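Work through the two exercises below with the sequence and the coordinates at hand, and try each task before reading its solution.

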Amino acid sequence: MHIINELEAGGAERVLTRIACHNSRDSGRNIPRQIVVSLMDEGVFGTDLRDAGVELHCLGMKPGIRDLPGAIIRLTRLMRKFKPDAIMSWLYHSDFIATIAATLSGCGTRRLAWNIRCAEMDLKQYGRSTRIVLALLAKMSGAPAVVAANSYTGQQHHIKCGYNPKKWAYLPNGFDTDEWHPDPNAKNRLCAELDIDPAKHLVGMVARKDLAKDHVTLLEAIRLVRNNGHNVHLALVGQNTEELAIADELVPHVSALGLRRDVAQLVPAFDIAVLASSFGEGFPNVIGEAMACGVPAIGNDVGDVTNVIGDTGKIVPQGSPDKLAKAIEELITEDAESRTHRKMASRNRIINHYGLDAMNARYLALWDELAGKQPVAELGFPRDPRQPN
C-alpha cells in the first residue's frame, strides 16, 4: 500500500505512478499487488494508475488540519480492510498520517517505510504546518522500520533535521528508457507548434511554477545568452508556468506551455535541458528524463544532481545567472562531433546507472523485507556527490 498526499504533477507522484504501474502490469513474476491511497484526490496521475490496473483510493482530505482526524480514520479503515504486507508513505504529511494509521489499524509500523523525496528544504518558503510536521517526524523517525531517500543529500539533510531511524535505505529514481528516448523529429514538431525557426537553439526546463525552481535565474540567463548574440528560445513546461512574469524583451523568445501530458514527446525536442532549482531537490526526475532522451543537461549544484549528470553535462552554482548563461553558451557552441558524443553519453549514463529495472529491484527488495519475506540486500547510499571522484 502506497500512501501519498495527492497525485498532482510532482516528482514524487510521478515516481510512485511509475513504480506502481510497472509492477501492476508485470504479471509474469511474483509481484506484490499495488494499492495506492491519495489522501486528497486522484489529481493528474489517477487515470494512469487506473489504466494500469492499480487499485486507487482517494480519501478526499481538504487542506488544513480540520480534516486531519477524518483522514486518519479513513486510512485506518483501509488498512484494516486490506491488511497490507508492506506500507510505503511518500512525503511528509503522508509519513505522519500513515504512521498513526498503521498503529491504530493493528498493521504496525514494522511494515512501514517512509520515502523521502527532497533535500535541503528552505522551510521559510513553506507553510507553518509543513515545519510543524517535519519537527514531529524527526521525533517519530524511529517508528517506521525503514526511512528511505532517493538521494544522498536528502538523507544528510534529514539527519541534520533530527531524523534517527532504525535503518536507512537508498532508493534512487529510475527511468523507462523505452518511454524516454531520442526522437529526431521532435524538435521540428515542437518548433512548428511554437511557430519558431528550428534553427534556433531550444533550451527547455520542465518544472512547475515554484520559488524552489528559480525561473527568475533561468530567465536572466537566457537574456544574457541572447545579448551575447546567440539565437536561443526557451520552452517552459510545468504547472502554472504560463503565469510566470516574463520581461517584455524576452516575451518573443520564451514559450510557457503550462502543464502538459505529453512531456515525453516534448523533451527530446530540446537541445539543452536545464534545472535551475535553488533548493529542495533530491534526485530530480526531469534531469534523468532529459538525459534518457539524449538531451544534455545543465543543473545547479543541489541534491544529487552532480551524481546524476556526471561528466555528460554542466553543473553550475545556485542563483548564478551569469554562470548558467556561460554553461548554455558552451553547450550550444560545441562542434557537431562533440555534441553527438555528449548526447549519446547522456542517454548511456541513464541506461547504465538509473534504469527502471534497477530502481524496481530495490523497491521489491525493500517491500519483501517489510513483509518479512527475506532480509533486504544492502541498499546503502553512494558517496557524497559534491566530493570529487
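Two exercises follow, one on a sheet and one on a cavity.

The model is predicted, so that local features need pLDDT of at least 70 and side-chain atom pairs count only at pLDDT 80 or more, while totals for chains, interfaces and linings use all residues. Residues are numbered from 1 along each chain as its sequence is written, and side-chain values use heavy atoms, without hydrogens and water.

**Exercise 1.** Determine the order in which the six strands of the open sheet lie, and state which strands stand at the edges.

Solution. Begin with the strands, which are DSSP runs (E, at least two residues) numbered from the N terminus, and count two as paired if DSSP finds at least two bridges between them. The order is then β11-β10-β9-β12-β14-β15, with parallel pairing. Next, β11 (254-258) and β15 (314-316) each have a single partner strand, so one side of each lacks a neighbour in the sheet. As an inner example, three bridges join β12 (residues 272-275) to β14 (residues 297-300), and Val274 has Ile298 of β14 as its bridge partner.

**Exercise 2.** Find the volume of the largest cavity and the element that gives the largest share of its lining.

Solution. A cavity is a set of points on a 1 Å grid over the protein atoms alone where a 1.4 Å probe fits but cannot get out, and lining residues have an atom within 4 Å of a point. The structure holds one cavity of 30 Å³ or more, and the largest cavity encloses about 70 Å³. Its lining includes Val206, Phe270, Val274 and Glu289. Finally, α10 contributes four residues, the largest share.

Key: On a 1 Å grid over the protein atoms alone, a cavity is a set of points where a 1.4 Å probe fits but cannot get out, and a pocket is an open set with protein on both sides within 12 Å along at least five of seven lines; lining residues have an atom within 4 Å of a point. Grid points are joined across faces, edges and corners, and a volume is the space filled by probe spheres set on the points.
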